[in-house]
Amino acid sequence: QVQLVESGGGLVQPGGSLKLSCRASGSIDDMAWYRQAPGKKRNMVASITSYGITNYADPVKGRFAISRDNTKNTAYLQMNSLKPEDTAVYYCYAALVVAWGQGSKKFDYWGQGTQVTVSS
């Protein structure tokens with residue numbers, strides 16, 4: 001069982017920056033950040049493979065950057081030029097694929113979430 005621990009959320013003014021961190025207790029393959037605003041569904045914000053290939057949701061392209069340090073089993077989300085509509089609970093997601101013989105199984109893990117509030 002892999003545990004994910006997030007940190008870095010908080011209150012920031014529009015145009016400001018925040019950096020989120022997600023540390024996994026063990027080795028992980030793909031990692032991602034999702035967010036969920038009140039009354040809305042959880043959506044992917046950014047993802048990164050174990051090889052460093054990244055993908056971003058359109059609303060955050062050019063403003064957010066996802067990165068990871070595989071030696072620390074940690075992913076980061078640098079958020080710049082924050083807008084009020086970025087306000088949400090941000091969740092770290094990680095996937096681990098375990099392969100054996102002819103089979104494999106994917107395990108999904110979620111963090112507890114960290115609140116990001118963008119307001120003046």
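A residue counts as buried when its relative accessible area is under 20%. Asp86 has a relative accessible area of 1%, so this residue is buried. The model described here is a predicted one, and Asp86 makes a good place to start a tour of it.

Asp86 takes part in a salt bridge with Arg35, whose side chain meets that of Asp86 at 2.9 Å from N to O. Arg35 lies in strand β4, whereas Asp86 lies in the loop between β8 and β9, so that distant parts of the chain, 51 residues apart, are linked by this pair. Arg35 has a relative accessibility of 15% and therefore counts as buried. A salt bridge also joins the side chains of Asp86 and Arg63, with an N to O distance of 2.7 Å. Here again the pair links distant parts of the chain, as Arg63 sits in the loop between β6 (54-56) and β7, 23 residues from Asp86. Arg63, at 11% relative accessibility, is buried as well. Together, Arg35, Arg63 and Asp86 are linked in a network of salt bridges.

The count of salt bridges in the model comes to three. Another of them pairs Lys61 with Asp58, and their closest N and O atoms are 3.0 Å apart. Asp58 counts as exposed because its relative accessibility is 60%, and exposed residues are those with over 50%.

Attention can now turn to the nonpolar interior. In soluble globular proteins, nonpolar side chains tend to be buried together. The largest nonpolar core of this model has 29 residues, and those with the most contacts inside it are Trp33, Leu77, Met79 and Tyr90. At least two residues of this core come from each of the strands β3 (18-24), β4 (31-36), β5 (43-48), β7 (64-69), β8 (74-79), β9 and β11 (114-118). Strand β9 supplies the largest share, five residues.

The structure also holds one disulfide. Cys22 and Cys92 are the two residues joined, with an S to S distance of 2.0 Å. Because Cys22 lies in strand β3 and Cys92 in strand β9, the pair ties together parts that are 70 residues apart in sequence. The torsion about the S-S bond is about -80°, and the disulfide is therefore left-handed. Both Cys22 and Cys92 are buried.

Strand β9 (residues 88-100) has a further partner to introduce, namely strand β10 (residues 103-110). The two strands run antiparallel and are joined by eight bridges. Within this pairing, Ala95 has Asp108 of β10 as its bridge partner. Between β9 and β10 there are two residues, and the strands form a hairpin. Gly101, in the turn, has a positive phi of about 45°.

In a regular strand the side chains alternate between the two faces of the sheet. Trp100 is found in strand β9 and has a relative accessible area of 49%, so this residue is partly exposed. Trp100 joins Val98 and Phe107 in a nonpolar patch on the surface, where the three have about 270 Å² of accessible area together. Strand β9 thus appears in several parts of this account: it supplies five residues to the largest nonpolar core, holds Cys92 of the disulfide, and forms the hairpin with β10.

Methods. Residues are numbered from 1 along each chain as its sequence is written. This is a predicted model: local features need pLDDT of at least 70, side-chain atom pairs count only at pLDDT 80 or more; totals for chains, interfaces and linings use all residues. Side-chain values use heavy atoms; hydrogens and water are left out. Two strands pair if DSSP finds at least two bridges between them. Helices (H or I, at least four residues) and strands (E, at least two) are DSSP runs, numbered from the N terminus. Patches are made of residues with over 30% relative accessible area and no salt bridge: like charges are joined within 9 Å, nonpolar side chains (Val, Leu, Ile, Met, Phe, Trp, Tyr) within 5 Å. Accessible areas come from the Shrake-Rupley method with a 1.4 Å probe; for residues, only the protein chains shown count as cover. A salt bridge is a side-chain nitrogen of Lys or Arg within 4 Å of a carboxyl oxygen of Asp or Glu. Buried means under 20% relative accessible area, exposed over 50%, partly exposed in between (1.4 Å probe, protein chains only). A nonpolar core is a set of buried Ala, Val, Leu, Ile, Met, Phe, Trp, Tyr and Cys residues joined through side-chain atoms within 4.5 Å. A disulfide is a pair of cysteine sulfur atoms within 2.5 Å.
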